[in-house]
Amino acid sequence: MPNFYPSNEQDLLNRAKLAAGYNFAEIAQFVNMPIPANLNKQKGWVGNLIETYLGANAGSKAERDFADLGIELKTIPINKQGKPLETTFVSVIPLMANHGVIWETSHVKYKLSKVLWIPIEGERSIPLAERKVGHPILWKPTFQQEQQLRQDWQELMDMIALGQVEKITARYGTYLQIRPKAANGKALTEAIGENGEIILTRPRGFYLKKSFTLQILQNSNFN
């Protein structure tokens with residue numbers, strides 16, 4: 001397959017629309033990627049498959065997937081009712097040296113300024129090769145959505161700065177939540193403790209709650 005890279009936003013969207021209705025086996029064959037038996041040891045395989053098909057070129061995780069177009073790519077596993085099956089990872093959280101960090105220059109705002117959502121069948125009862133790709137959604141946050149994301153981000157970052165990282169649960173935040181982000185519980189990183197001391201804790205990431213991504217799916221033309 002010749003390397004594809006979208007020259008503009010419409011080019012990318014058209015390419016994504018072409019994949020809608022095809023299953024993973026068909027797309028994997030098209031881009032010459034082997035299909036694993038399951039995702040237990042290859043959790044990122046589906047994302048890699050879609051990235052390869054769409055020509056994403058972000059070598060660095062800090063960069064958007066389509067840097068030239070200012071677009072981030074997110075696959076979103078859904079059930080038969082079209083509801084998200086899991087939260088969506090946005091970015092790793094800096095637990096140290098985050099004084100002076102503001103929403104306008106945050107990784108969360110950067111990553112969510114424009115997103116191409118690719119719904120995919122995610123129910124485990126469907127064999128991996130037979131799961132289909134859904135209709136793409138090119139999304140930008142509305143004013144109200146960005147205000148709420150900003151408020152969530154600010155409140156959560158304030159808690160981290162005040163040494164309350166260990167108190168933050170997934171219940172905090174309306175659209176955004178903080179959860180541990182590590183392959184296993186042994187990976188630790190430095191953070192500020194309640195008395196201003198340096199503690200070791202699990203790395204954390206910002207995630208979009210399922211209730212929010214459901215809102216995105218339902219407000220689009222996706223059905």
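**Exercises on helix α2 and strand β8**

The buried residues of helix α2 (residues 24-31) are Phe24, Ile27, Ala28 and Val31; buried denotes under 20% relative accessible area, with a 1.4 Å probe and protein chains only. These residues lie on the same side of α2, because they cover an arc of only 100° around the axis, the arc being that of the directions from the helix axis to the C-beta atoms. The model is predicted, so local features need pLDDT of at least 70 and side-chain atom pairs count only at pLDDT 80 or more, while totals for chains, interfaces and linings use all residues. Residues are numbered from 1 along each chain as its sequence is written, and side-chain values use heavy atoms, without hydrogens and water.

**Exercise 1.** Determine what covers the buried residues of α2, and describe the ends of this helix.

*Solution.*
- Step 1: the cover includes α1 (9-19), α3 (45-54) and β3 (115-121).
- Step 2: at the N-terminal end, asparagine 23 acts as a cap, with a side-chain oxygen 3.1 Å from the backbone nitrogen of alanine 25.
- Step 3: asparagine 32 follows α2 and has a positive phi, near 60°.

**Exercise 2.** Establish why strand β8 (residues 204-208) is described as largely enclosed by the rest of the structure, and identify its pairing.

*Solution.*
- Step 1: five of the five residues of β8 are buried, so the strand is largely enclosed.
- Step 2: Arg204, Phe206 and Leu208 point one way, whereas Gly205 and Tyr207 point the other way.
- Step 3: β2 (residues 88-92) runs antiparallel to β8 and is joined to it by four bridges; valine 92 has glycine 205 as its bridge partner.
- Step 4: β5 (residues 176-180) also pairs with β8 in the antiparallel sense, over five bridges, and leucine 176 has leucine 208 as its bridge partner.

How values were computed
Buried < 20%, exposed > 50% of the residue type's maximum accessible area, 1.4 Å probe, protein only. Helix = DSSP H or I, 4+ residues; strand = E, 2+ residues; numbered from the N terminus. Contact = heavy atoms within 4.5 Å. Polar contact = N/O pair within 3.5 Å; in protein donor to acceptor, adjacent residues only side chain to side chain. Pairing = 2+ DSSP bridges.
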